[in-house]
Structure formats: structure tokens, C-alpha cells
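Reader: I am a first-year student, and I should be grateful for a close look at a single part of this structure. Could the part that the record annotates as a domain be described, together with what surrounds it?

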Amino acid sequence: MASLAATRHALRVPSQLRLRLFSTSSLRAAQEVKRLGVVGAGQMGLGIALVAALKAQVPVTLVDSSQKSLDKGVAFAEKLLAKDVSKSRITQEQADAARALLTPATSLDGLADADFVIEAVPEIPALKFDIFSKLAQICPKHAILATNTSSISITRIAASTTQDPTDTTNSSRVVSTHFMNPVPIQKGVEIISGLQTSQETLDAAVAFCKRMGKIPSVSADSPGFLANRILMPYINEAVICLDTGVGDRDSIDAIMKNGTNVPMGPLQLADFIGLDTCLAIMKVLHEETGDSKYRPSILLRNMVDAGWLGKKSGKGFYNY
């Protein structure tokens, strides 16, 4: 019996070639995205919505079940736009135009006219599965359904869109557009296709991310994908070094900054990402690979349990 890896190889175009197979029809598809939907008004969702409005100049419906989160997100978007104007990065007219393109909504029903939807909710598999099963019913049949997941299997998310695994009408339009944080600053975005994802969906996702001014990289649907498969064990090992006394906080961050020319050390970076996010990703890597090298640090677990999540909570490895 052929192995799963061999089957996937036979079914799919090699990832390193996909960007070369970028078609003119995909370019047209990206240009024809007349409304973007973003689910989740947190830091990532807001960043995606704002960049889409500012760079792609597309109307965006920003959905969150919490009106408080929506109000907070929109206020933060206005603050970011004002900052860009003050630094002469954009004009006041551009800021006003981008703000006018953002429409908040508290129900997924507001995405009934979206051509492309990006989900950016917390890394909770059941939550994402529920959202995608609903999006498959609410959104137009041509709409691309994308997830910003940083670690959860795209194949599993795509499977949640149908009751019949042999019917790929919905699952073939599911893809991952994993943006880097903070979205307005970081250029990179990972594009990950599940087993069901069509080439047209993949190409359209790449095209729209380029329209947003991003630089896409294509990854296979493997735990952690590319960025977090490399980044999170690095952060986790730094936490272990701190916990076991190999070095103190400042020494750990200083040697990586001054020795490898990165802008911030791993512990400070973890604070900016969110320690709860780091822990969630490490758990997925550990559980899905079964490899002990991905076991989350005890200190990382304890800090999350204490509510010390990093910059967003005011305390992590540093105080904010």
C-alpha cells in the first residue's frame, strides 16, 4: 500500500513550484476580491483588516462576537492610522479612506457578500472548526475561506466544511494565509494548502496577499508549518535555559541580539507574540509529532497559568 507521503506527492504540485504556476486567472481572482471578511478583532485580525484596507484598498467586514472587542479594535486602527499620518507615511486622505473601508459586525452573517474571508481567532481547534462549518454555508460559493492559524492542520480545518469527505466543493476553497505579527510591519506571510485545497485556491491566496503588499512563502501542511516549526522550539529552548539557570534573562536575549543580529532576543520576542500563543503552538507541535524535542517548557506553562502572557497582559519575561 502506498504511503500517505507518496499519495500526497502524487496528488500535489511540489510546493517549491507553486509560485511559478501562478496564473493570470488567479491574478484576476485577486483583483476581483471586492469585499474581504476578517473573523476576529484581536491584534492579528485587526492588523489584517487594516493592511487590506490601506494597501489593497478593499472594503473589509471585521467580525467579532464581542462589541467591546470591535470597538477596541477600531479605536486602535484609528490610532495606528493617525500615527502613520504623523510620521508622514501616509496622507490624511489615505487614512480617512482606509478607515471608511472598515465595517464592524457581530455576526458571521455579515460575510454573506465576502469574496475572501480570513479567520483570525485564537488557536482553539474546535472554535475554528465551528467557524469554518458556518462560513461554508454563509459565504458565496466562490469565496476563498482562509485561516490565519499558526499551527493547526489545514486539512482538518477544511474537513470541517463538509459532512461528505468525497464532496470537496467547500473544502477545496480552504487555505491558510498565516500572517506574521505585527501585520502592518512584517512583510512575510505563509500560504499553506491542505490535502483538499485546489491549485486555484492556492494561487488566488498568493495573489491577494501580494495585493496586500506581502511577500508569500508556500509551506506544506505539517505541524507548525515553516515559521513556527523553526521559531517556537528556539523560543522554548531559551525559556528552558532561563528555567534551568544556564543564563539569566538579559544574557539570553543579549547574546542572540548581539551574536546573531536579530532585532530582539527570544524572551522579549515571546512576550511580544504572547506566551499563551507560544504555549499553544508548542502543544500542537508536541502532540501532533509525538517528538519530545517539542515538549513545552515547565516555566512557560507556569507563566501562562499565572496570567503572565507578555506585553498584552503587562507582564511576561519583562514588565510593560
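The answer below begins with the annotated domain and then turns to its cores, its binding-site residues and some ring contacts.

Author: The model considered here is predicted. An unreviewed UniProt entry carries the annotation "domain: 3-hydroxyacyl-CoA dehydrogenase NAD binding" for residues 36–219. The C-alpha atoms at the two ends of residues 36–219 are 23 Å apart, and this span is 41% helix and 20% strand.

Let us begin with the interior. The largest nonpolar core contains 42 residues. Leu36, Val60, Phe116, Phe179 and Ile191 are the residues with the most contacts inside it. The element that gives the most to this core is helix 4, with 10 residues. A second, separate core has 22 residues, including Leu108, Phe132, Ile154 and Phe225.

Leu36 and Leu108 allow a closer view of these two cores. Leaving aside residues up to four places away in sequence, Leu36 touches Ala52, Val58, Pro59, Val60, Thr61, Phe116, Val117, Ile118 and Phe208. Two of these partners, Val60 and Phe116, are also among the residues with the most contacts inside the largest core.

Leu108 is found in the loop between strand 3 (102–105) and strand 4 (116–119). Is Leu108 buried or exposed? Its relative accessible area is 15%, and the limit for a buried residue is under 20%, so Leu108 counts as buried. With residues up to four places away in sequence again left out, Leu108 touches Val39, Val63, Ile131, Lys134, Leu135 and Ile138. Ile138 is 30 residues from Leu108 along the chain, yet their C-alpha atoms are separated by 7.5 Å.

Helix 9 (residues 199–211) offers a simple check of geometry. At 1.5 Å a residue, its 13 residues should span 18 Å. The end C-alpha atoms are 18 Å apart, which agrees with that expectation. Several residues of helix 9 are buried, among them Leu202, Val206 and Phe208. Phe208 is also one of the contacts of Leu36. After helix 9 comes Gly213, which has a positive phi, near 85°.

The binding-site annotation comes next. In the same record's unreviewed entry, "binding site" covers residues including Gly40, Gln43, Met44, Asp64, Asn181 and Lys312. Gln43 belongs to helix 4 (residues 43–56), the helix that gives the most to the largest core. Asn181 lies in the loop between strand 6 (174–179) and strand 7 (188–193). Its relative accessible area is 27%, so Asn181 is partly exposed. Not counting residues up to four places away in sequence, Asn181 touches Gln43, Met44, Gln186, Phe272 and Ile273.

Phe272 leads to the ring contacts. The structure holds 2 aromatic pairs. In the pair of Phe272 and Tyr320, the ring centres are 6.2 Å apart and the planes stand at 90°, so the pair is edge-to-face. This pair links distant parts of the chain: Phe272 is in helix 12 (residues 266–273), whereas Tyr320 is in the segment after helix 14 (298–305), 48 residues apart. Both rings belong to partly exposed residues, for Phe272 has a relative accessible area of 30% and Tyr320 one of 41%. Another ring, that of Trp308, has the charged end of Lys315 sitting over it, 4.6 Å from the ring centre.

Note on methods. Residues are numbered from 1 along each chain as its sequence is written. This is a predicted model: local features need pLDDT of at least 70, side-chain atom pairs count only at pLDDT 80 or more; totals for chains, interfaces and linings use all residues. Side-chain values use heavy atoms; hydrogens and water are left out. UniProt positions are given in the numbering used here, feature names are shortened, and annotations may be inferred rather than shown by experiment. Helices (H or I, at least four residues) and strands (E, at least two) are DSSP runs, numbered from the N terminus. Buried means under 20% relative accessible area, exposed over 50%, partly exposed in between (1.4 Å probe, protein chains only). Contact means heavy atoms within 4.5 Å. The expected span of a helix is 1.5 Å times one less than its number of residues. Rings of Phe, Tyr and Trp (its six-membered ring) pair if their centres lie within 6.5 Å; planes under 30 degrees apart count as stacked, over 60 as edge-to-face and the rest as tilted. A charge sits over a ring if NZ of Lys or CZ of Arg is within 6 Å of the ring centre and within 35 degrees of the ring normal. A nonpolar core is a set of buried Ala, Val, Leu, Ile, Met, Phe, Trp, Tyr and Cys residues joined through side-chain atoms within 4.5 Å.
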